[in-house]
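Me: I would like a close look at a single helix. Please keep the sentences short and explain the terms.

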Amino acid sequence: VSGNGYFDLLGVASPVRHYWSLAIEEQFYLLFPVAVFLLIRQGRRRIDALLPLAVGGIGVSLVLTLLLSSNAERVYLGTDTRMAEVLFGVLAGVLHERFGDKVTRPAFSLAPAALGVFLVAVVTLPAQSPIISHGGLIVGGAVWAVLIVGVAGQGPDVRIGLAGGLSASPLPFLGRISYALYLIHWPVLQLFSQARLGTGRVTTVAIQLAVSVGLASAVTLGLERPIRQ
């Protein structure tokens with residue numbers, strides 16, 4: 001509405017600026033289950049129809065991303081350009097349903113490499129890297145799908161290797177408070193910015209992490225969990 005770009009607003013204090021991503025998720029949650037319901041009620045094997053739907057959606061998203069790659073804001077915020085990341089989850093679910101271990105075993109073998117690619121990207125790619133708007137987000141969705149299927153597909157009894165490492169504390173705890181952490185982290189970053197605190201970068205990040213995790217824990221335990229239970 002203001003005409004400013006998303007990344008241009010990173011320094012503006014707004015507690016709900018990041019909720020745009022929830023809108024993309026909700027569009028999926030509202031529309032896609034209807035398609036699944038209509039397919040499943042016609043017979044279990046009709047779940048196969050989700051395969052071309054997921055692949056086609058990913059393809060459309062990729063084409064639109066490449067066509068709009070010169071406009072990083074549009075690629076970053078658009079439902080059509082971001083839907084591939086969600087549809088990779090649909091694709092993984094359908095493939096697991098149809099092929100079982102034939103999918104999870106290769107994914108398990110590739111999971112360490114997928115985690116490595118993700119960590120390298122986090123460390124080396126700045127938020128405004130042209131790689132991101134030229135298909136990097138879609139590649140990231142594929143990488144995460146491989147990692148999730150590879151680890152989760154091994155079942156709860158796997159406690160060695162990558163699956164065991166990702167089950168070690170405090171990662172499960174962070175997973176349990178992740179939604180509250182998502183809601184809270186943005187205003188915390190604004191209120192406890194380096195400019196406001198007058199501290200070094202490392203100290204600033206430590207304070208932001210401590211406040212974010214503390215508030216998210218309180219919200220999860222005091223509000224979210226009682227409501228769900």
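Reply: Here is a walk along helix α2 and into the core beside it.

This is a predicted model, where local features need pLDDT of at least 70, side-chain atom pairs count only at pLDDT 80 or more, and totals for chains, interfaces and linings use all residues. Residues are numbered from 1 along each chain as its sequence is written, and side-chain values use heavy atoms, without hydrogens or water.

pLDDT is the predictor's confidence in each residue, from 0 to 100. Its mean for the protein is 85, and 88% of the residues reach 70 or more.

Helices are DSSP runs (H or I, at least four residues), numbered from the N terminus. Helix α2 has 18 residues, 50-67. At 1.5 Å a residue (times one less than the number of residues), α2 should span 26 Å, and its end C-alpha atoms are 26 Å apart, so the two agree.

Leu50, Ala54, Gly57, Ile58, Ser61 and Thr65 of α2 are buried (under 20% relative accessible area, with exposed over 50% and partly exposed in between; 1.4 Å probe, protein chains only). They cover an arc of only 95° around the axis, which puts them on the same side of α2. The arc is taken from the directions from the helix axis to the C-beta atoms. On the other side, Pro52 and Leu67 are exposed. The cover over the buried residues includes α1, α3, α4 and α6.

Leu50 and Ile58 are also among the residues with the most contacts inside the largest nonpolar core, which has 14 residues. Such a core is a set of buried Ala, Val, Leu, Ile, Met, Phe, Trp, Tyr and Cys residues joined through side-chain atoms within 4.5 Å. α1, α2, α4 and α6 each supply at least two of its residues. The largest share, six residues, comes from α4.

Terms used: Contact means heavy atoms within 4.5 Å.
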